[in-house]
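Please look over the sequence and the structure shown here before reading on. The report that follows takes up one residue and its surroundings, then the chain as a whole, and then two places in the backbone.

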Amino acid sequence: MSAPAPSPLAIVDAEPLPRQDEVLTDAALAFVAELHRLFTPRRDELLARRAERRAEIARTSTLDFLPDTAQVREGDWKVAPAPAALNDRRVEITGPTDRKMTINALNSGAKVWLADFEDASAPTWENVVLGQRNLIDAYTRRIDFTDPKSGKTYALKPAEELATVVMRPRGWHLDERHLRFDGRPVPGALVDFGLYFFHNAKRLIELGKGPYFYLPKTESHLEARLWNEIFVFAQDYVGIPQGTVRATVLIETITAAYEMEEILYELRDHAAGLNAGRWDYLFSIVKNFRDGGARFVLPDRNAVTMTAPFMRAYTELLVRTCHKRGAHAIGGMAAFIPSRKDAEVNKVAFEKVKADKDREAADGFDGSWVAHPDLVPIAMASFDAVLGEKPNQKDRLREDVSVAPGDLIAIDSLDAVPTYQGLVSAVQVGIRYIEAWLRGLGAVAIFNLMEDAATAEISRSQIWQWINAGVVFENGQKATPELARKVAGEELAAIRAEIGEEAFAAGRWQQAHDLLLTVSLDEDYADFLTLPAYEQLRG
């Protein structure tokens, strides 16, 4: 298919960036324009459908497997076999696409790098465009980096030692204000996918790999169907075989957990697996069941481990679903960031990471995520012990798993309650993360954990939920807007004392404080924190 001429109504509204012309070529923009013209109207319909479904959940306080798609769940079908480059995924590292991270992630020893334009990347135009440029440079081996502070130089290892890239575009709800066609901003998902696919699809095939994607924040099989239509169109557009694209879907919304088989079915010619994402999943439960009363109130986020009964139901159903259909099941994130100063902190954390990865490997997962290169060997050992020389364990069908609809939302099966310290922690992490995000940083080390936008979402959601549910903490204090403001004010003062007046003034601390309180205290619950935050993001 020949590429049409670029639309005369294409507007890039941003200050020029170094070498942006290598990314924002006329041909690439023409491709993005076609994606926008063909698929944004359907995206809009699906976002409206999300709101309708949320209203239905508010009315019924329940979810069930879909009666209309029973034939899909009962049918005999499998997804396409995994390509060689994605057959062994026992350890995946995640992170944004800045130049240093690109090199370190590819060199990390992990089998896969999730190159993230979503939750680990604040969507400044610089991050969007230069992240694309960094990936192009990596594939053409034109990438290196010298740390201006330490003078340390980073360069790529030999090609056979590099991780396979699986790129994550933004979710459907986010628009890209810097790129407009026909007077409308393009969905960020189509910008990220379109630029990456157009520039790299053929190049990746030549490297023995392909254009592989993680699809975030999917809420239904109909959204997976839209992605499949995009893949079919894109492969024809650039002239590569159908089925070259592979997509792994993050099951990080409660509604998607009830449609896992249908999601794989819609993508079956392009599906590579499903992933279990913890914080966004909990955020989605709060968002959807926020009117459901006391039985849906979550305790402190750190009390909701993957061994909680409702989380275990979700992860075991995911493994069974994937393996029944020949897809990879990828486990959750080990977010710990090793301390260079405290060996005891590292020892305790490494033991927790090992236990978590041992459990995932024993449950049948084919791989798992880590946030730091130092965790790659720990996770690798857990999966090596179970897999040996096998690339995966898709032969473990987990037919022993039986999950009823109510099991996935049995929040009150967890023997834990919200605590005052949980409120303090949510405020602390929320302010510190949002401040960094407003400065353009999406992956932020806070209290020895790598936090991303999902962290801020669960933090503000829990504050909102506890206040609206009238939770009374163990110290007798009731969760109220006044208490949240008091804790936030104390945290802001503590940060000012901790970092000093000059650094405080140079940051975005007051804006972060105000934004956290806005999305935590407003009667109307914002669907995504990143929507109002994007309005305040510079660049």
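## E259 and its surroundings

In this predicted model, E259 is in contact with R53, L66, E219, S220 and H221, when its neighbours within four places in sequence are left aside. With R53 there is also a polar contact, in which the side chains of E259 and R53 are joined at 2.7 Å. The position of E259 along the chain is in the loop between α7 (254–257) and α8 (260–266). Is E259 buried or exposed in that loop? Its relative accessible area is 0%, so E259 counts as buried, given that the cut-off for a buried residue is under 20%.

## The chain as a whole

The secondary structure of the chain consists of 18 helices and 15 strands. The chain has a radius of gyration of 22 Å, which is close to the 24 Å given by the globule rule for 539 residues, and the chain is therefore as compact as a globular protein of that length. The C-alpha trace spans about 65 × 60 × 50 Å along its principal axes.

Of the 539 residues, 60% count as buried; E259, at a relative accessible area of 0%, is one of the buried residues. Among the contacts in the chain with a separation of 6 or more, 79% are made by residues 24 or more positions apart. The accessible surface of the chain comes to about 21,000 Å², and 52% of that surface belongs to carbon and sulfur atoms. As for charge, the chain carries 63 positive and 79 negative side chains, and the centres of these two sets lie 2 Å apart.

## Two residues with a positive phi

As background, most residues other than glycine have a negative phi. D182, which is not a glycine, nevertheless has a positive phi of about 50°, and N448, likewise a residue other than glycine, has a positive phi near 65°. The table sets out where each of them is found and how accessible it is.

| Residue | Phi | Loop | Relative accessibility |
|---|---|---|---|
| D182 | about 50° | between β7 (175–181) and β8 (184–187) | 53%, exposed |
| N448 | near 65° | between β14 (444–446) and β15 (449–451) | 31%, partly exposed |

Why does D182 count as exposed? The relative accessibility of D182 is 53%, and the cut-off for an exposed residue is over 50%. N448, by contrast, counts as partly exposed because its relative accessibility is 31%, a value that falls between the cut-offs of 20% and 50%.

Note on methods: Residues numbered from 1 in each chain as written. Predicted model: local features only at pLDDT ≥ 70, side-chain atom pairs only at ≥ 80, totals over all residues. Heavy atoms only, no water. Helix = DSSP H or I, 4+ residues; strand = E, 2+ residues; numbered from the N terminus. Buried < 20%, exposed > 50% of the residue type's maximum accessible area, 1.4 Å probe, protein only. Polar contact = N/O pair within 3.5 Å; in protein donor to acceptor, adjacent residues only side chain to side chain. Contact = heavy atoms within 4.5 Å. Rg over C-alpha atoms; globule rule 2.2 N^0.38 Å. Areas by Shrake-Rupley, 256 points an atom, 1.4 Å probe, with all protein chains shown as cover. Lys, Arg positive; Asp, Glu negative; His and termini not counted. Charge placed at Lys NZ, Arg CZ, Asp CG, Glu CD.
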